[in-house]
Amino acid sequence: MITKHNHAESCNHHHHSGHHHGIESHLHDDVLVCSGKRDIIGDLETIKLNLVGEVKILANWIQETGGIIGHVKALVERDFPVTMISTTGDDVTIKEMTGSTVKVSVVAIVFNMNAQRLECRIASLFDALQKQTDL
Amino acid sequence: MKILILGGFLGSGKTSVLLQLAEYLVSLEKEYHSGIKVAIVENEIGAIGIDDKVLKKAGFSVNNLFSGCACCSLTGELVASIKNIQIELDPKWLIIEATGVAYPGSIRKVILDELGLDATILTIADAKRWQRLVSAMELLVSGQLEDTSIVLLNKVDLINSAEFKQVEQSILNYNQTAEIIPISAKAVIPEAILKKIVNQAEVLFDNKA
Ligand SMILES: Nc1nc2c(ncn2[C@@H]2O[C@H](COP(=O)(O)OP(=O)(O)OP(=O)(O)O)[C@@H](O)[C@H]2O)c(=O)[nH]1
Ligand SMILES: [Mg+2]
């Protein structure tokens, strides 16, 4: 149950720096916000399509484990082409990378859920996404 | 600077409404002196902003405030951000999207107390999930209805007329005076509705002036 509270008096934050690289969660009262970002190498359209499926699976999982979904959002951004500019002191080299990198962000705002479990689940969403893209 | 606060539960459709409302306001204010007619403050929970990117891509000037929780935003950061926008951008309109767990009434109060600026609240309710949310977190969703004269009942495309009546009745139980306007923000919101929202804000502003 969310209760109205006076912020000046209490702020029971727990910042959880999990063992999953790049995934962070934040708990306030019983609102859990879990966010992660990962670069997926592959075709944009394929990644978008797979992500729709993965978000659906994540949503089902949250509900099956007794959580209440506030909002699950994902953002897909393409970094393409990527240019690297470097030097060791003499000339400056410019290297163009043509393979497309897709930055995928996922934010899940959930009630009634253990932070670590959700972090794990989101980490496996990213793993699955990369795996499907590699196929 | 006229201020509008968009409130409502997580995923109720605040950003979807904001996109259309901001566009409408820009089209109204063609004559306004400042290049920035509408500025937006996004308050997001968590570490990654998504709504701000969506709104920026749509061409709007967006300030993002991160807060772990709704109420953390009600401190200096929000006030400083509004002050800054007023001085640097001087927009005709400022739209604040609250987090989905915030009480828009509290945000309005902070702005009024700290800056002496009044704001119009617009609360968006998720018609599809309303009954479920009321049973799971009544205090929050009903609290979000306080202090608003218009409730946009969104996602009516997902419910039938009997369900609509139920939700409407439930909302009226918490706020007897609000006007409930059914919308479907994923489609085009009729101009008459956007106009009504804007008028509401104008009335408040004119009364102050
Ligand atoms: N079916 C339907 N879906 C809608 C409608 N309006 C919005 N949505 C969907 O509802 C979800 C949430 O919409 P947003 O506009 O992001 O909601 P929000 O209130 O800004 O969400 P938070 O900022 O995360 O609290 C998205 O998936 C939208 O596409 C509508 O009228 N009908
Ligand atoms: Mg939003």
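Start with chain B and its overall dimensions. The model is predicted, and the radius of gyration of chain B is 16 Å. A compact globule of 209 residues would come out near 17 Å, so the two values agree. If you align the view to the principal axes, the C-alpha atoms of chain B fill a box of roughly 50 × 35 × 35 Å.

**Stop 1: the fold of chain B**

Switch to a cartoon and colour chain B by secondary structure. You should find seven helices and seven strands. Follow the chain from the N terminus and the elements read β-α-β-α-β-α-β-α-β-α-β-α-β-α.

Now colour chain B by accessibility. Of its 209 residues, 58% are buried. A contact map is a good companion here: among contacts in chain B with a separation of 6 or more, 75% come from residues 24 or more positions apart.

Next, show the surface of chain B. About 8600 Å² is exposed, and carbon and sulfur atoms supply 52% of that area. For a look at the charges, select the 20 positive and 25 negative ones in chain B; their mean positions lie 3 Å apart.

**Stop 2: the magnesium ion**

Select ligand 2, the magnesium ion, and centre on it. Which residues coordinate this ion? Three atoms to display are OG1 of B:Thr15, OD of B:Asp51 and OE of B:Glu97, at 2.0 to 2.1 Å. Written along the sequence, the spacing of these donor residues is T-x35-D-x45-E. B:Thr15 and B:Asp51 link distant parts of the chain, being 36 residues apart. To see this, highlight helix α1 (residues 14–28) of chain B, which holds B:Thr15, and helix α2 (residues 51–57) of chain B, which holds B:Asp51.

Are B:Thr15 and B:Asp51 buried or exposed? Both are buried.

**Stop 3: a positive phi in chain B**

Move on to B:Asp147, in the loop between α5 (130–143) and β6 (150–154) of chain B. Check its backbone torsions: phi is near 75 degrees, a positive value in a residue other than glycine. B:Asp147 has a relative accessibility of 43%, so it counts as partly exposed.

**Stop 4: over to chain A**

Hide chain B for a moment and show chain A as a cartoon. Here the secondary structure comes to two helices and seven strands, in the order β-β-β-α-β-β-β-β-α from the N terminus. Buried residues account for 39% of the 135 residues in chain A. For contacts in chain A between residues at least 6 apart in sequence, 68% join residues at least 24 apart. The accessible surface of chain A is about 7600 Å², with 53% belonging to carbon and sulfur atoms.

**Stop 5: two loops of chain A**

Select A:Gly22, in the loop between β1 (13–16) and β2 (23–28) of chain A. Its relative accessible area is 42%, so A:Gly22 is partly exposed. What does A:Gly22 contact, leaving aside neighbours within four places in sequence? Show A:Ser35, A:Gly36 and A:Lys37 to see these partners. Then draw a distance from A:Gly22 to A:Val55, 33 residues apart along the chain: their C-alpha atoms are separated by 18 Å.

Finish at A:Asn112, in the loop between β7 (101–111) and α2 (115–134) of chain A. A:Asn112 has a positive phi of about 70 degrees although it is not a glycine. With a relative accessible area of 53%, A:Asn112 is over the 50% cut-off and is therefore exposed.

Methods:
Residues numbered from 1 in each chain as written. Chains lettered and ligands numbered in written order. Predicted model: local features only at pLDDT ≥ 70, side-chain atom pairs only at ≥ 80, totals over all residues. Heavy atoms only, no water. Helix = DSSP H or I, 4+ residues; strand = E, 2+ residues; numbered from the N terminus. Rg over C-alpha atoms; globule rule 2.2 N^0.38 Å. Buried < 20%, exposed > 50% of the residue type's maximum accessible area, 1.4 Å probe, protein only. Contact = heavy atoms within 4.5 Å. Areas by Shrake-Rupley, 256 points an atom, 1.4 Å probe, with all protein chains shown as cover. Lys, Arg positive; Asp, Glu negative; His and termini not counted. Charge placed at Lys NZ, Arg CZ, Asp CG, Glu CD. Donors = N, O, S within 2.8 Å, 3.2 Å for Na, K, Ca; no water.
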